Amino acid sequence: MNKTTDNNILWSYLEEVYDPEIPVLSIVDMGIVRDIERNGQELTVTITPTYTGCPAMDMIALSIRMELMAKGFTTVIIKNSISPAWTTDWMTEAGREKLKAYGIAPPNPRQQACKDELFAPHEAVQCPHCNSWHTSRISEFGSTACKALYQCIDCKEPFDYFKCH
Amino acid sequence: MNSIINYTLYLADNALILGQRNSAWCGHGPVLEQDIAITNISLDLIGQARSLYQYAADMLGNGATEDSLAYLRTEREFKNCLLTEQPNGDWAQTILRQFFFSTYQFYLYQSLLAHADSNLAAIAEKSLKEVRYHLRWSSEWVIRLGDGTEESNRRICKAVDELWCYTGEFFIPAEYETAAGANPAGLKEAFYTKVKEVFTQATLALPENVFMQTGGKNGVHTEHLGFILSELQYMQRSYPGCEW
């Protein structure tokens, strides 16, 4: 097995590790995994936390360990790397589609949002259910640190928006 | 080295104590969305505190952990600014405390991006993204309350009277700050400009000639910190080493 194939397999293992708060999204989709390094049977996985206080991060580190141990790697080292800081721009296209199918509006590109200006018009977010852009923000903070709460004015469904970060 | 450890603890203590204060709003916010907002901010602050305590614990060695630093230090060892330990009061007081602190923290973390210590710079970079949200959210609320109803204006004016005297401390360097290469006095102008800008929109006046309270950075606190710690540290003090 050559090195690249080996590495692809390792990455595919991590695609089986899901975010406990958003069970359709793997940690690879989320863009949390920075690097996997193999040294014999020892693996070092470098991850970047989404939000500093995100309670899912401890769970994710544990799940990575469990997944890789189940694949036969006895020594798994998890390294945290906080710089450069995680951004929603690192989320994969596949991840965005899975989020939408799950009913969470995927993050808008960063350059369009994240303004400092006060009382700015709310970001336009597309309803993941009926695709209408006619939506309004109910709360800038939502059920987890990474989400905001929106409602669709056309189909009336409330939905989570994975806010750009 | 010692000064970097103390400075890291200073940054961590600020975040932990304000995070602890805000968390008491959980289930008590004026409306559900704002209850979620203030507790999310609390979570961000405690997250920042964790990163900073972990870094301080690494530097300290000798079995120190993020938990031992948060749960087993005494009141006089905590270095947080007096502002962060002030009571929640009403919504206006909580909002204004957050606004003053977020404004300070925003410029502080911006200056830390260029700090020689790359770990502190990385934590600042990460946290700044969150602080941006906190600052925007609290600024909007200060304006809403100040330029709102007679009652909301009365309440936020009272909060200004109550809290302004704790903002001067931000800019007076403790010995460890200077030694760690920080220049808090350099943040003063940006802080005042931002506060003035928001206060003007909120129809609030900036108090003048107020005697500024100090001491927190060097462990001399108001009576409130002891009560916060007795609650925060209760489990580890009563059941040493307990885990869940």
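A residue is called buried here if 20 or more other C-beta atoms lie within 10 Å of its own. The model to which this cut-off is applied is predicted. Strand β4 of chain A, residues 42-47, shows the cut-off at work. A:Leu43, A:Val45 and A:Ile47 point to one face and are buried, while A:Glu42, A:Thr44 and A:Thr46 point to the other face and are not buried. In a regular strand the side chains alternate between the two faces of the sheet. Over the whole of chain A, which has 165 residues, 33% count as buried.

β4(A) has a partner in strand β3 of chain A, residues 33-39; the two run antiparallel and are joined by six bridges. Across this pairing, A:Glu37 stands opposite A:Thr44. The hairpin of β3(A) and β4(A) has two residues between the strands, and A:Gly40 takes a positive phi near 65 degrees there.

β4(A) also pairs with strand β5 of chain A, residues 75-80, again through six bridges, but here the strands run parallel. A:Thr44 stands opposite A:Ile77 in this pairing. Between β4(A) and β5(A) the chain passes through helix α3, residues 56-70, and the three elements make a right-handed β-α-β unit.

These elements belong to a chain with four helices and nine strands. Read along the sequence, the pattern of chain A is α-β-β-α-β-β-α-β-α-β-β-β-β. The C-alpha atoms of chain A fill a box of roughly 55 × 30 × 25 Å along the principal axes. Among contacts in chain A between residues at least 6 apart in sequence, 51% join residues at least 24 apart.

Chain A is divided into domain 1, residues 3-86, and domain 2, residues 91-162. The C-alpha centres of the two domains of chain A lie 26 Å apart. Each domain of chain A gives eleven residues to the contact between them. On the side of domain 1 of chain A that touches domain 2 of chain A, the elements giving two or more residues are β2 (22-26) and α2 (27-30) of chain A. β2(A) gives the most to this side, with three residues. By class, the residues of this side of domain 1 of chain A are six nonpolar, three polar and two charged.

Chain A also touches chain B. This contact takes 17 residues from chain A and 24 residues from chain B. The side of chain A that touches chain B has nine nonpolar, six polar and two charged residues.

Technical notes:
Residues numbered from 1 in each chain as written. Chains lettered and ligands numbered in written order. Predicted model: local features only at pLDDT ≥ 70, side-chain atom pairs only at ≥ 80, totals over all residues. Domains from an automatic or database assignment. Contact = placed C-beta atoms within 7 Å. Nonpolar A, V, L, I, M, F, W, Y, C, P; charged D, E, K, R; others polar. Buried ≥ 20, exposed ≤ 12 C-beta atoms within 10 Å, placed from the backbone. Pairing = 2+ DSSP bridges. Right-handed = clockwise from strand over helix to strand, strands pointing away.
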